[in-house]
Amino acid sequence: MLQSFVYQSLPSRVVFGAGSLGQLEAELDALGVQRALLLSTPQQRHAAEAMAQRLGTRSAGVFDRAVMHVPIETARAARQVARERGADCAIAIGGGSTIGLGKAIALDSGLPILAVPTTYAGSEMTPIYGITEDGEKRTGSDAKVLPRTVIYDPELTCSLPVELSVTSGINAIAHAAEGLYAASGNPVTRLMAQEGIRALAAGLPGIRANPHDIEARGSALYGAWLCGTVLAHGGMALHHKLCHTLGGSFNLPHAQTHTVVLPYVLSFNAPFAEDAMRDMARALGTPDSAAAGAWDLAHGNGAPTSLRELGMSEAELERAADIATQRPYWNPRPLDRAAVRAVLQAAYEGARPS
Ligand SMILES: NC(=O)c1ccc[n+]([C@@H]2O[C@H](COP(=O)([O-])OP(=O)(O)OC[C@H]3O[C@@H](n4cnc5c(N)ncnc54)[C@H](O)[C@@H]3O)[C@@H](O)[C@H]2O)c1
């Protein structure tokens, strides 16, 4: 029997397709804005500059200081530049770090954000923000920070290095995986999760074979959109808690950490989330378990599979287990510190889950 559920749709507009960046001006018109501040990382300044040139007088210039985890000082500086230059909108071109900076501006000023994602992290679809102050990342959820318009143009992702493409894609898959067994799950997000995983699993090998394969890039970006939407509906569990711990307190790289940790959390949760695991294995196209399928997708496409490879020391696992169990997220399988420590040990070693 179909169970009762709540489904809350989120008000964002998605423009998808190869070459869709060509619709940027029309999308600014649709938002009713005149002058956009362009946000990027230093590495992607050239992409923001090209956009600024194209926008001419509608550009309020480029702010290229986006970095991982949105330091409060950077957010304040960007807000000030937006004010001084009379921007009535911000365009974030980049991955989760740049879109996170856009969200920090929107949180304070209410400026509408137009996001042009160039990774598969999925932040553009969520009202979740994170700002780091005095070494601590504060996260929250606010409808104001949800980008109003998202332009997904697969052509812009062709420059994303293969290893980051694979790990960022598996980062997206992790959102869908935890969405599949979320207590807040519903039939619509479950459909999105399965289709998102399928599209990413189909796209990543093609990207590895040819990073400019626009079909494969399109499939992965479409999957990233769906998985980001699943994340926006809540349902982060043990996997996300561990990744937030490892990224926030041990400075491990975001997408790679998600890639390494996912198979071991799936393996741990499997007996308590059998339907979700079956759906995930089918979406991955593996005859094996979801955990083994996730590991194969990473390993088969040259991604790291162990925390050891990411530079973590075995001794640090103790502190990671302490932090991850302090304020645990809901999880389908009840857990204690020993269980979390065992999952971390497995992720440290990186063997294929049986
Ligand atoms: N709030 C949310 O809902 C949410 C969701 C997912 C991730 N995040 C946050 O996003 C951050 C991670 O984002 P990310 O994994 O997208 O990485 P990122 O934004 O930090 O990008 C990683 C690097 O790749 C470069 N890059 C991005 N796209 C490129 C492209 N197409 N070509 C060449 N280089 C490119 C960037 O300039 C950067 O140097 C974390 O801080 C994470 O917490 C937030």
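**Helix packing, domain arrangement and ligand shell**

Helix α5 (residues 162-180) packs against helix α9 (residues 254-269) at an angle of about 45 degrees, and their axes lie 8 Å apart. Because angles from 65 to 115 degrees count as roughly perpendicular and those under 35 as roughly parallel, this angle makes α5 oblique to α9. The model in which this packing is described is a predicted one. The crossing of α5 and α9 is left-handed. On the α5 side the contact comprises Leu164, Thr167, Ser168, Ile170, Asn171, Ala174 and Ala177, and these residues meet His254, Ala255, Gln256, His258, Thr259, Leu262 and Leu266 of α9. Sorted by class, the contact of α5 with α9 holds seven nonpolar and seven polar residues, with no charged residues.

The chain is divided into two parts, domain 1 (13-157) and domain 2 (162-349). The centres of domain 1 and domain 2, taken over C-alpha atoms, are separated by 26 Å. Contact between the domains involves 18 residues of domain 1 and 21 residues of domain 2. On the side of domain 1 that touches domain 2, ten residues are nonpolar, five are polar and three are charged.

The ligand is surrounded by 29 residues, of which Gly95, Gly96, Thr118, Thr119 and Ser123 come nearest. Four elements give two or more residues to this shell, namely α4 (96-109), β6 (128-133), α5 and α9. The most is given by α4, which supplies four residues to the shell around the ligand. Helices α5 and α9, which pack against each other as described above, are thus also elements of the ligand shell. By class, the shell consists of 20 polar and nine nonpolar residues, and no charged residues are found in it. Both domain 1 (13-157) and domain 2 (162-349) give residues to the shell, so the ligand lies between them.

Two further helix pairs were examined. Helix α6 (residues 187-209) and helix α7 (residues 214-232) pack with their axes 7 Å apart, at an angle of about 150 degrees. Since angles over 145 degrees count as roughly antiparallel, α6 is roughly antiparallel to α7. The crossing in which α6 passes α7 is left-handed. The contact of α6 with α7 is made up of 15 nonpolar, seven polar and three charged residues.

In the other pair, helix α10 (residues 274-284) and helix α11 (residues 290-300) have axes that come within 8 Å and cross at roughly 35 degrees. Here, too, α10 passes α11 in a left-handed crossing. From α10 the contact draws on Met277, Met280, Ala281 and Leu284, and from α11 on Ala290, Gly293, Ala294 and Leu297. Seven residues of the contact of α10 with α11 are nonpolar and one is polar, while none is charged.

Terms used
Residues are numbered from 1 along each chain as its sequence is written. This is a predicted model: local features need pLDDT of at least 70, side-chain atom pairs count only at pLDDT 80 or more; totals for chains, interfaces and linings use all residues. Axes are lines fitted to C-alpha atoms, for helices over the stretch in contact, and angles run from 0 to 180 degrees between N-to-C directions. A crossing is left-handed if the near helix is turned anticlockwise from the far one by less than a right angle, and right-handed if clockwise. Two residues are in contact if their C-beta atoms, placed from the backbone, lie within 7 Å. Ala, Val, Leu, Ile, Met, Phe, Trp, Tyr, Cys and Pro count as nonpolar, Asp, Glu, Lys and Arg as charged, and the others, Gly among them, as polar. A residue is near a molecule or strand if its C-beta atom, placed from the backbone, lies within 6 Å of it. Domain bounds come from an automatic or database domain assignment.
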